[in-house]
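Welcome, and please have your viewer ready. We will go from stop to stop, with something to select at each one.

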Protein chains: 2
Amino acid sequence: MRETTSKKLYQMGKEIVEQINEEKKPSMKIPVRSLSNIKWDETNKLLTLGDKKSKRHFFNVGHARKFMQTLLIASFCKDIVDENIHASIRDMYYNLKHSIGGSKENTFEEQAESDPLIVDIETALQTLREQLHLLADRKGVVVGNVVVEDRGDSINWSKLGSGGWSIPSVVEDIKFEKVDADFVLVIEKNAGFERLHEDKLWKKYNCILMGTGGQAARGTRRLIKRLSDEYKLPVYVLTDSDSYGWYIYSVIKSGSMALAHASDELGTPSARFIGLTISDIKDYKLEKSVIRANDRDLKRAKELLEYPWFHHKEWQQEIKLMLDKKIKAEIEALSSKGLKFLSDTYLPEKLERKEFLP
Amino acid sequence: MRETTSKKLYQMGKEIVEQINEEKKPSMKIPVRSLSNIKWDETNKLLTLGDKKSKRHFFNVGHARKFMQTLLIASFCKDIVDENIHASIRDMYYNLKHSIGGSKENTFEEQAESDPLIVDIETALQTLREQLHLLADRKGVVVGNVVVEDRGDSINWSKLGSGGWSIPSVVEDIKFEKVDADFVLVIEKNAGFERLHEDKLWKKYNCILMGTGGQAARGTRRLIKRLSDEYKLPVYVLTDSDSYGWYIYSVIKSGSMALAHASDELGTPSARFIGLTISDIKDYKLEKSVIRANDRDLKRAKELLEYPWFHHKEWQQEIKLMLDKKIKAEIEALSSKGLKFLSDTYLPEKLERKEFLP
């Protein structure tokens, strides 16, 4: 994998050099990432990038600076890939920021200049930020009957006490040595993860338990995807019953608009939603624990209603129910029925009845 | 420990019952937690709570609701301590929220009502939230030559690949089976943790490497404290060179005002500051990578200047230097000298010269 990425980066530079040698004006092709080029792929159930490309020219006052910056970043990535080390995008920014010889001009003034160019390179080379050895922030924790090999260590996810394995930002090089699990349960809230971990739910139901701590980080999404692809494990996602929770689910399942070019690698279309739904509020008598939805919640819910990936009648019903009743609920609302209600009643019932939303 | 906490909670209830049996008006004593009762303990170098107490009366219109709520929480805590399970403060809020028989009045309307009462119980009973089995959010990651036993598992912090051990929110029950380290290095930034972990700094220098991801969580602070107390390990803290980074250091070292009652358990007065300082900017030629301090940074720095725990001449110099030059710098600024500069040059030099701030 490292060699492939290194070659792609080399090729990118080589093409520019060839243009110069042929006395052509140097230019590079970058896929368009604006909304107009983001498509919903109905067959694969993923958000994807269309075919539109734009050209970045060196001899264009509006392009020259970005052209130079793109090549600086590509060159930086080639170096760290070849050296087999990783860098955060902030480290990269600092590393590349310097004044250009003989001028007072800086290569970069702020990180907001370098960040989007990383995505340009990702899309242009059809590679991932992780493969360019650029780190995203780590977040997410996992436990279960799984043994992985990572940097020469053998790590048993079932032997981590009350902690868990802190999911690294790059999971490409992890080797699965043993995966003994029937499904993956992803939970949005850290508190819920602690509850289920303490109640040993992953042992009782032989599953892999993953906590995302809000929106799932790229490393966590990649790990879910790999477990789904390589071991055909069903993936069930548990979030709050509100527009934000549901969107967290949809990003795990279908990818996001900001990272549409990477949906193939980050999205897990087979994922199913286990809860919480608005219907749960009535079914489990949680009326005392609901929260009134505010204008922002409702606006966001109306947006979800329009997204093609929520165009299932079950989702349309749930979202409309929320808009109608103007309520939402958190996972913790189940604690009003007892602290172990989530582990002992709610999840077992949902799993038993296979009550999942698409 | 569980028995002690359970007894304290039992005693609290018993005293109220005795007052009732003696036909006294029920009341309880709660330590005052406002600024007026927060002291700087110069001898122990910790922020602490003074002796002032206030009385909460049942037969007082202004107190009755809080009185009822305090007892509800104490009773909840006794239950989970006895059952040996843990709950998040949000779970507790939902669990205790219900309408009072024969009325439309709810026990709690929002979590903002229950949160401060937890601290009341902590201070009144001289116990910790962790001992009441209430979970704080987990954050923080650790690696090093350490083996711990937790919930029956033996966990080797040196065999966790590119990940690390996700520090649980309650570390009271962790047993250290092996601690082979010369010091603890705490780093504020996740990206910095990844860098040092990848460069195997903890192997080279035989240290425990801990990442806090911003302000250190209670579990992380307790873990630092335990390693310092039980193994007499020096603790060095690495943060950004700005008021927020320095405050993160001071909270690890001396405790915080909000948790003054718990400084004894959470603060590590022997901790030393390894960097970044404003002087480092000149010493390591980082001028190109500084950030202009904004008004908020400067205001915060002026506040730090006044805190007794920053009344060391070295700190006064550094803070004044910041105010004078109106600049700050991030750990990542060191990457301008090369990605491995932090691991290969900066930290080794600081450790070698024992260049720490008090």
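**Stop 1: the whole of chain A**

Start by colouring chain A by secondary structure: 13 helices and 17 strands should show up. Keep in mind throughout that this is a predicted model. Turn the C-alpha trace of chain A along its principal axes, and the spans come to about 75 × 50 × 40 Å. How does the radius of gyration of chain A stand against that of a compact globule with 358 residues? Chain A has 23 Å, which agrees with the value near 21 Å that such a globule would have.

Two more numbers help to set the scene. Of the 358 residues in chain A, 46% are buried. If you draw the contacts of chain A with a separation of 6 or more, 72% of them come from residues 24 or more positions apart.

**Stop 2: two domains**

Now give two colours to chain A, one for domain 1 (2-135) and one for domain 2 (141-353). Their centres, taken over C-alpha atoms, are separated by 33 Å. Where the two domains touch, domain 1 of chain A contributes 16 residues and domain 2 of chain A contributes 19 residues.

Which elements should you select on the domain 1 side of chain A that touches domain 2? Pick β2 (38-41), β3 (46-49) and α4 (111-124) of chain A, each of which supplies at least two residues there. Of these, β3(A) gives the most, with four residues. Colour this side of domain 1 by residue class and you will find eight nonpolar, five polar and three charged residues.

**Stop 3: a residue on helix α1**

Select Q19(A), which sits in helix α1 (residues 2-21) of chain A. Is Q19(A) buried or exposed? The answer lies in between: Q19(A) counts as partly exposed because it has 15 C-beta neighbours inside 10 Å, and being buried would take 20 or more.

Next, show what surrounds Q19(A). Once its neighbours within four places in sequence are left aside, Q19(A) is in contact with K24(A) and P26(A). For a sense of scale, add F310(A) and draw a C-alpha to C-alpha line from Q19(A): the line covers 46 Å, and the two residues are 291 residues apart in sequence.

**Stop 4: a three-stranded sheet in chain A**

Show the strands β9, β8 and β11 of chain A, in that order, and you have an open sheet with antiparallel pairing. At its edges are β9 (153-156) and β11 (175-179) of chain A, each pairing on one side only. On average, neighbouring strands of this sheet are turned by 20° against each other, direction ignored.

Zoom in on strand β8 (residues 146-150) of chain A, which pairs with β11(A) in the antiparallel sense over four bridges. To see one of these pairings, select E149(A) together with its bridge partner in β11(A), K175(A).

**Stop 5: a strand covered on both faces**

Move on to strand β14 (residues 235-238) of chain A. In a regular strand, side chains alternate between the two faces of the sheet. Which residues of β14(A) lie on each side? V235(A) and V237(A) are on one side, Y236(A) and L238(A) are on the other, and all of them are buried, so both faces of the strand are covered.

Now add the pairing partners of β14(A). Strand β12 (residues 183-187) of chain A runs parallel to β14(A) and is joined to it by four bridges. Strand β15 (residues 272-275) of chain A also pairs with β14(A) in the parallel sense, over three bridges. V237(A) is a handy residue to select here: V237(A) is the bridge partner of V186(A), and its own bridge partner in β15(A) is F273(A).

**Stop 6: across to chain B**

Finally, switch on chain B. Here 41 residues of chain B are in contact with 41 residues of chain A. On the chain B side, the elements that give two or more residues are β5 (87-88), α3 (89-96), β9 (153-156), β10 (165-166) and α5 (190-198). By class, this side of chain B divides into 13 nonpolar, 15 polar and 13 charged residues.

Chain B has an open antiparallel sheet of three strands too, in the order β9-β8-β11. For a last selection, take strand β8 (residues 146-150) of chain B, which pairs with β9(B) in the antiparallel sense over four bridges. Within that pairing, E149(B) has S154(B) as its bridge partner in β9(B).

Notes:
Residues numbered from 1 in each chain as written. Chains lettered and ligands numbered in written order. Predicted model: local features only at pLDDT ≥ 70, side-chain atom pairs only at ≥ 80, totals over all residues. Contact = placed C-beta atoms within 7 Å. Nonpolar A, V, L, I, M, F, W, Y, C, P; charged D, E, K, R; others polar. Buried ≥ 20, exposed ≤ 12 C-beta atoms within 10 Å, placed from the backbone. Pairing = 2+ DSSP bridges. Axes fitted to C-alpha atoms, helices over the stretch in contact; angles between N-to-C directions. Domains from an automatic or database assignment. Rg over C-alpha atoms; globule rule 2.2 N^0.38 Å.
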